[in-house]
Amino acid sequence: MTSSPKPSPAHSGSEALTLGQLFNVPNILTMCRLLLIPVFLEELSRRQFTYAFYIFCLAALTDALDGTVARWFNSRTEFGAFLDPFADKLLLVSAFVALT
């Protein structure tokens, strides 16, 4: 007999998500990464490659931090599990398309 997966402590399936659970530190870092993408693209379009590089590095740092913080403080959410890979792919595809 297999056991069903345990719901994450930050959100169990039977209750509605609260803003406190939605806007925890890892999710805020991921949303910051999403907000950095247009800034990164704007700097690339202005041919400010140094600033664009710094912004990309800052976005990469938020990627490393959000996963680390989520694991350390056990604050994983279903929303974060969806949003984090989406933000990663959007950043990388944006950089790839803008630089080719």
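In helix H3 (residues 49-72; helices, H or I of at least four residues, are DSSP runs numbered from the N terminus), the residues Ala-52, Ile-55, Ala-59, Thr-62, Asp-66, Gly-67, Val-69 and Ala-70 are buried, where buried means under 20% relative accessible area, exposed over 50% and partly exposed in between, with a 1.4 Å probe and protein chains only. The model is predicted, so that local features need pLDDT of at least 70 and side-chain atom pairs count only at pLDDT 80 or more, whereas totals for chains, interfaces and linings use all residues. Residues are numbered from 1 along each chain as its sequence is written, and side-chain values use heavy atoms, with hydrogens and water left out.

The buried residues of H3 pack against H2 and helix H4 (78-99). Within helix H2 (residues 25-45) lies Thr-30, which is buried at a relative accessible area of 3% and, when residues up to four places away in sequence are not counted, touches Asp-66, Leu-83, Asp-84 and Ala-87, contact meaning heavy atoms within 4.5 Å.

Three aromatic pairs are counted, a pair being rings of Phe, Tyr and Trp (its six-membered ring) with centres within 6.5 Å, and planes under 30 degrees apart counting as stacked, over 60 as edge-to-face and the rest as tilted. The rings of Phe-40 and Phe-56 have centres 5.5 Å apart and planes at 45°, so this pair is tilted; because Phe-40 lies in helix H2 and Phe-56 in helix H3, the pair ties together parts 16 residues apart in sequence. Phe-40 is buried, at 3% relative accessible area, while Phe-56 is partly exposed at 25%.

Terms used. Helices (H or I, at least four residues) and strands (E, at least two) are DSSP runs, numbered from the N terminus.
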